[in-house]
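Hi,

Here is the structure I promised to pass on. Have a look at it first, and then read on for what turned up in it.

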Amino acid sequence: MSWYSILPPLIAILIVFWRKEVIMALLVAVASSEFLLALQGNGNTLFNTFINTIERVVSVASSPGNSRILIFSILIGALLAYIRESGGVAATVNVLMNKGVAKSKRQVGYLTMFSGVAVFIESNLSVLTAGILSRGLFDKFKMSRARLAYIIDSTSAPVCILILLNGWGAYILGLLGNYELSESAVSVLWGSIGYNFYAIITLLIVFYTISFDKVHGPLKKAEEQLEHQKTELQEEVTGTKARYMLVPLLTLIGSMVGFMYWSGNGDIASGSGSKSVLYATILACVVAYLLMVSSRQFTHHKLVDIGFKGMGELLPLVAIVLLSLTLGASLKDLGTGTFVAGLVGDYLPIYLVVPVLFVTGAVISFTTGTSWGTFAILIPIGVPLIQALGLPPSLVIAAILGGGVFGDHCSPISDTSAVSAIASGCDLLTHVKTQMPYALFAGGLTFVAYLVTSIIVL
């Protein structure tokens, strides 16, 4: 693979930070990737670029898994609108404050973090649960939505990669099962938990920001801007009954677990995340609808209007999710990830292999916006290194997993970043900009941790 395969994601990232326009950046990146692919085929590049870009979007959207993600992202808008307009959000905020569960910024932060950690079955569900539950509380205590987006994003993928009783664990076990190692795939994976420094450090930083009520960099500026604004209620709807929020939310969580169990034929870890999230979201919308209709405060036609208005509010972010998936598919054909992985040379000192694998995983996941794709690229590279050089299997796998989570956690072209923005009600670019310093700091500490560990162990 040639060096130019790295150009499309670099173009996207540059445009995002230069023009502050994500959709345009993704479109240009997809078109440039398709141009390079057409150039390889020696065809009419301009015509082929135009046609292939359209067909790439159609192909991605027609994939069952991707279609489920897109539909679920739209329907979440209806669910959020229902629980907001029903007065359930305001009522839940009042209940939590009256019960003493959320009487301060620290308690609100702990509640949000705990919600994200507790729902470790699927990263999108973790983000949605914590985001929906905490939106009103963050508004009440004048905490920015950017801070909410940071907390829920930082307690989703990092938690899922540490508590592996989920689809993440099943996927990685499937990748490791193709190789002969001195230990079983399960032993290697469980052994990687203690070495997954990026996920651990990320969670510790979140805990620090909550415990000491301190934020830094762009996130601090976002908090200061909010504090200097005139106090105004984010939720104009008067509080009614907390059940209008809590029942749909509990339905979302409970049915998600049930659908994971069902789609995995009795094994939650083997369940389909995309199917379960979609089915659970639809069921939660139905429950919210029925609760509001039964209250006799809303008619069917009014609820249809509320639902479509809520879906319309999220269409720009849904477009970003679609284009992020499209760019990932195009870059896979272009070989971007394989090229970056190939930069790991054969002549590295043995103590640098693990730190460089982490950095390589971080670069791949950041430039492609996918953690699972990074795992699929790097595990076939890392396992032969384990076998040839006698490296500790769990340490190598942990570095690859941590690198994959890094980029998926903070990349502006990651669908996970977009879903976190959706769940928190935060602008995507604001979320990326305010979270980036924390991710880079955690990444730097992780590199040092892997370097020191490699020197000691090897």
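Thr49 counts as buried, because its relative accessibility is 11% and the cut-off for buried is under 20%. You'll find Thr49 in helix H3, which covers residues 45-62. If you want a feel for distances, try Thr49 and Tyr150: they are 101 residues apart along the chain, and their C-alpha atoms are separated by 36 Å. One thing to keep in mind for everything here is that this is a predicted model.

For a contrast, jump to Lys332, which is in helix H17. Is Lys332 buried or exposed? Lys332 is exposed, with a relative accessible area of 71%. Its partner for a distance check is Ser33: the two are 299 residues apart in sequence, yet C-alpha to C-alpha they are 9.9 Å apart in space.

Helix H17 comes up again in the largest pocket. That pocket has a volume of about 1,100 Å³. Its lining takes in 46 residues, and those nearest the centre are Leu325, Thr370, Trp372, Gly373 and Asp415. Which helix gives the largest share of this lining? That is H17 (residues 315-334), with six residues. Sorted by class, the lining of the largest pocket has 24 polar residues, 17 nonpolar and five charged.

Now for the enclosed spaces. Rolling a probe the size of a water molecule over the atoms shows where empty space is left. Here the count comes to two cavities of 30 Å³ or more. The second largest of them holds about 30 Å³ of space, and its lining is made up of Lys105, Arg106, Gly109, Met143, Arg147, Ile151, Ile210 and Asp213. The elements that give two or more residues to that lining are helix H6 (105-118) and helix H8 (145-154). H6 has the largest share, three residues. By class, the lining of this second largest cavity has four charged residues, three nonpolar and one polar.

Asp213, one of those lining residues, deserves a second look. Asp213 sits in the loop between helix H12 (197-211) and helix H13 (217-228). Its phi is near 50°, a positive value in a residue other than glycine. Asp213 is partly exposed, with a relative accessible area of 31%.

Arg296 has a positive phi too, near 65°, and is also a residue other than glycine. You'll find Arg296 in the loop between helix H15 (273-294) and helix H16 (300-313). Arg296 counts as exposed, because its relative accessibility is 78% and the cut-off for exposed is over 50%.

There is a glycine to add here: Gly87, just after H4, takes a positive phi of about 85°. As for helix H4 itself (residues 64-85), its 22 residues reach 32 Å from the first C-alpha to the last, close to the 32 Å expected at 1.5 Å a residue. How many of the residues of H4 are buried? The number is 17 of its 22, so H4 is mostly covered, with buried meaning under 20% relative accessible area.

Last topic: the rings. A search of the whole structure finds 13 aromatic pairs. One of them is formed by Phe259 and Trp262, an edge-to-face pair with 6.4 Å centre to centre and 75° between the planes. Why do these two come together along the chain? An α-helix has 3.6 residues a turn, so residues three or four places apart point the same way. Phe259 and Trp262 are three residues apart in helix H14 (residues 243-263), and therefore about one helical turn separates them. Their surroundings can be read from the accessible areas: Phe259 is partly exposed, at 23%, whereas Trp262 is exposed, at 54%.

Ring pairs also link Tyr195, Phe197, Tyr198, Phe358, Phe406 and Tyr450 into a cluster. And there is a charge over a ring to look at: the charged end of Arg243 sits over the ring of Tyr244, 5.4 Å from its centre.

Over to you now.

Cheers

How values were computed. Residues are numbered from 1 along each chain as its sequence is written. This is a predicted model: local features need pLDDT of at least 70, side-chain atom pairs count only at pLDDT 80 or more; totals for chains, interfaces and linings use all residues. Side-chain values use heavy atoms; hydrogens and water are left out. On a 1 Å grid over the protein atoms alone, a cavity is a set of points where a 1.4 Å probe fits but cannot get out, and a pocket is an open set with protein on both sides within 12 Å along at least five of seven lines; lining residues have an atom within 4 Å of a point. Grid points are joined across faces, edges and corners, and a volume is the space filled by probe spheres set on the points. Helices (H or I, at least four residues) and strands (E, at least two) are DSSP runs, numbered from the N terminus. Ala, Val, Leu, Ile, Met, Phe, Trp, Tyr, Cys and Pro count as nonpolar, Asp, Glu, Lys and Arg as charged, and the others, Gly among them, as polar. Rings of Phe, Tyr and Trp (its six-membered ring) pair if their centres lie within 6.5 Å; planes under 30 degrees apart count as stacked, over 60 as edge-to-face and the rest as tilted. Buried means under 20% relative accessible area, exposed over 50%, partly exposed in between (1.4 Å probe, protein chains only). A charge sits over a ring if NZ of Lys or CZ of Arg is within 6 Å of the ring centre and within 35 degrees of the ring normal. The expected span of a helix is 1.5 Å times one less than its number of residues.
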